[in-house]
Amino acid sequence: MVRQEAVASPRVLVRMAYVQEGLGHYPAALYYLSMALARQPRLATWRKMADLARTQRLTGYPETWRQDLQLTFRRYYYLGLQGLLLGAVVGGTLLVVRRQRVQRGWWVTYGVYLLLTGVYLNLLGTERAALVVRPRAALMAGPSAGAAWLTTTTAGDRLVVQGQQDTWYQVQWQGQEAYIRTHDVLVVE
């Protein structure tokens with residue numbers, strides 16, 4: 001219900017995670033923490049996830065300065081996007097209203113601004129993460145059961161989703177492309 005309706009606040013999700021952790025259901029605790037992180041990125045939430053994953057020997061939870069920087073960027077991503085889009089609307093409106101007196105250079109500058117806003121929107125967006133829910137789920141080299149087997153995952157492992165092909169998610173695993181069945185993971189959005 002929480003996943004489908006998206007009505008729970010990040011605070012409620014963190015509380016649910018602590019309850020699940022107390023019960024010993026670590027994959028469920030990580031899932032709730034991931035949902036809280038997706039709704040309200042915070043370093044404290046990520047560090048709790050990484051600590052829990054480290055004690056359970058799970059993969060996909062890096063504790064690096066790059067991860068901290070990426071999380072900080074994600075925290076302010078939508079605020080920055082709103083500012084850029086507001087600037088595009090105001091700039092475009094001013095250029096249209098003053099069309100007769102505006103030099104060509106301003107239109108080129110506005111076009112470059114729109115291009116950079118598009119780059120910000122498309123290339124710097126948030127990543128889709130998936131948590132493995134089935135123990136011993138197979139990671140394959142290709143999107144088929146006949147592809148080469150790479151490894152077996154543990155319930156609670158975190159994978160970055162890059163795309164989907166039929167009943168397989170294309171994921172990032174240890175710097176390479178891998179595939180896992182869609183019913184073996186829950187995607188956090």
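Buried means under 20% relative accessible area, exposed means over 50%, and partly exposed lies in between (1.4 Å probe, protein chains only). The model is predicted: local features need pLDDT of at least 70, side-chain atom pairs count only at pLDDT 80 or more, and totals for chains, interfaces and linings use all residues. Residues are numbered from 1 along each chain as its sequence is written, and side-chain values use heavy atoms, with hydrogens and water left out.

**Exercise 1. Find the salt bridge that joins Asp68 to a partner, and place both residues.**

Step 1. Fix the criterion. A salt bridge is a side-chain nitrogen of Lys or Arg within 4 Å of a carboxyl oxygen of Asp or Glu. Side chains of opposite charge can pair when their charged atoms come close.

Step 2. Search. The whole structure holds 5 salt bridges. One of them pairs Asp68 with Arg47, with the closest N and O atoms 3.2 Å apart.

Step 3. Assign elements. Helices (H or I, at least four residues) and strands (E, at least two) are DSSP runs, numbered from the N terminus. Asp68 sits in helix α5 (residues 65–97) and Arg47 in helix α4, so the bridge ties together parts 21 residues apart in sequence.

Step 4. Check exposure. Arg47 has 44% relative accessibility, so Arg47 counts as partly exposed. Asp68, at 23%, is partly exposed too.

**Exercise 2. Trace the salt-bridge network that contains Arg54.**

Step 1. Start with Asp51. Its side chain meets that of Arg54 in a salt bridge of 2.8 Å, N to O. Both residues lie in helix α4, 3 residues apart, about one turn of the helix.

Step 2. Look for a second partner. Glu63 also forms a salt bridge with Arg54, at 2.2 Å, N to O.

Step 3. Join the pairs. Asp51, Arg54 and Glu63 form a linked network.

Step 4. Add accessibility. Asp51 is partly exposed because its relative accessible area is 32%. Arg54 is partly exposed at 46%.

**Exercise 3. Describe the largest nonpolar core and the surroundings of Trp46.**

Step 1. Define the set. A nonpolar core is a set of buried Ala, Val, Leu, Ile, Met, Phe, Trp, Tyr and Cys residues joined through side-chain atoms within 4.5 Å.

Step 2. List the hubs. The largest core has 21 residues, and Leu13, Leu30, Tyr31, Trp46, Met49 and Tyr61 touch the most other members.

Step 3. Map the hubs' core to elements. Helices α2 (10–23), α3 (26–39) and α4 (43–56) each give two or more residues. The largest share, 8 residues, comes from α3.

Step 4. Look for another core. A separate one has 13 residues, among them Ala137, Leu139, Val171 and Val187.

Step 5. Take the contacts of Trp46 (heavy atoms within 4.5 Å). Leaving aside neighbours within four places in sequence, Trp46 is in contact with Leu37, Gly60, Tyr61, Pro62, Gln67, Leu71 and Arg158.

**Exercise 4. Is Lys48 buried or exposed, and what does its side chain meet?**

Step 1. Locate Lys48. It is in helix α4.

Step 2. Classify. Lys48 has a relative accessible area of 19%, so Lys48 is buried.

Step 3. Find the partner. A polar contact is a pair of N or O atoms within 3.5 Å; within protein, one must be able to donate a hydrogen and the other to accept it, and residues adjacent in sequence count only if both atoms are side-chain atoms. The side chains of Lys48 and Glu21 make one at 3.1 Å.

Step 4. Extend to contacts. Not counting residues up to four places away in sequence, Lys48 touches Tyr18, Glu21 and Leu33.

**Exercise 5. Place Ala138 and name its contacts.**

Step 1. Ala138 is in strand β2 (residues 138–140).

Step 2. Its relative accessibility is 28%, so Ala138 is partly exposed.

Step 3. Leaving aside neighbours within four places in sequence, Ala138 is in contact with Trp149, Thr151, Tyr179 and Ile180.

Step 4. The C-alpha atoms of Ala138 and Arg181 are 8.1 Å apart, with their positions 43 residues apart along the chain.

**Exercise 6. Which non-glycine residue in the loop between α4 and α5 has a positive phi?**

Step 1. Arg57 is in that loop. Its phi is positive, about 60 degrees.

Step 2. Arg57 counts as exposed, at 77% relative accessibility.
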